[in-house]
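Q: Could you walk me through how to read a few features of this model? I would like the general idea and then the case at hand.

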Amino acid sequence: MATSEVQTVHTGADKAKLAAAAVLLLGSFVAFYLLSGRGALAQWAGLLVGLVAAAAVFLVSESGRQLLAFGRDAWREVKKVVWPTRKESVQMTAYVFAFVVIMALFLWLTDKTLEWVFYDLVLGWRN
């Protein structure tokens, strides 16, 4: 990750940016409902413009920069993953299915055996 320490201190300018982003976000929803009489195109344009503006203001704040840094670090870690080949994936899937079938048969056999022992031999409910 970009930093290993947690920082909760925000400057006044950063708080103002976050407040402006929140106001723009709220304003975009208000614009969507206020523009309902002008047609769907105007409604959606107002909403999208407000959302893009709010996202832009958020991304220039310190919290936005930290979010972008986290995203870059996460993408870098995903690139380091060694993914299995198709053959390995098919083999492991086959192993899992085989194990599930074997366990299902084992549990069914165990259930029927215990049913026979308790109901037929011990309690004598079935004749």
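Q: Let's start with accessibility: does glutamate 115 count as buried or exposed?

A: Glutamate 115 counts as buried because its relative accessibility is 18%. The cut-offs are under 20% relative accessible area for buried, over 50% for exposed and partly exposed in between, with a 1.4 Å probe and protein chains only.

Q: What should I know about the model itself?

A: This is a predicted model, in which local features need pLDDT of at least 70 and side-chain atom pairs count only at pLDDT 80 or more, while totals for chains, interfaces and linings use all residues. Residues are numbered from 1 along each chain as its sequence is written, and side-chain values use heavy atoms, with hydrogens and water left out.

Q: How do I read the confidence, and which element has the lowest mean pLDDT?

A: Where pLDDT is low, the predicted coordinates should not be read in detail. The score is the predictor's confidence in each residue, from 0 to 100. Here the chain averages 90, and 91% of the residues score at least 70. Among the elements, α1 has the lowest mean pLDDT, 93, and helix α4 (residues 86–122) the highest, 95. Helices are DSSP runs of H or I with at least four residues, strands are runs of E with at least two, and both are numbered from the N terminus.

Q: Which salt bridge does glutamate 115 form, in terms of its partner?

A: Side chains of opposite charge can pair when their charged atoms come close. The criterion is a side-chain nitrogen of Lys or Arg within 4 Å of a carboxyl oxygen of Asp or Glu. Glutamate 115 pairs with lysine 112, with the closest N and O atoms 3.3 Å apart. The two are 3 residues apart in helix α4, so about one helical turn separates them. Lysine 112 is partly exposed, at 37% relative accessibility.

Q: How many salt bridges does the structure hold?

A: There are 4. Among them is aspartate 73 with arginine 76, where the closest N and O atoms are 2.8 Å apart. Aspartate 73 is buried because its relative accessible area is 12%, whereas arginine 76 is partly exposed at 46%. Another joins arginine 65 to glutamate 62 at 3.1 Å between the closest N and O atoms; these two sit 3 residues apart in helix α3.

Q: Which side chain of opposite charge is nearest to aspartate 14?

A: That is lysine 17, 5.5 Å away; aspartate 14 is buried yet has no salt bridge. For charge, Lys and Arg count as positive and Asp and Glu as negative, while His and the chain ends are not counted. Aspartate 14 belongs to helix α1. Beyond its neighbours within four places in sequence, aspartate 14 contacts Ser61, Glu62 and Ser63, where contact means heavy atoms within 4.5 Å.

Q: How many aromatic pairs are there?

A: A pair of aromatic rings is described by the distance of the centres and the angle of the planes. Rings of Phe, Tyr and Trp (its six-membered ring) pair if their centres lie within 6.5 Å; planes under 30 degrees apart are stacked, over 60 edge-to-face and the rest tilted. The whole structure has 2 such pairs. Phenylalanine 32 and tyrosine 33 are edge-to-face, at 5.2 Å centre to centre and 85° between the planes. Phenylalanine 32 and tryptophan 44 are also edge-to-face, at 5.1 Å and 70°. Phenylalanine 32 lies in helix α1 and tryptophan 44 in helix α2, so this pair ties together parts 12 residues apart in sequence. Phe32, Tyr33 and Trp44 form one aromatic cluster.
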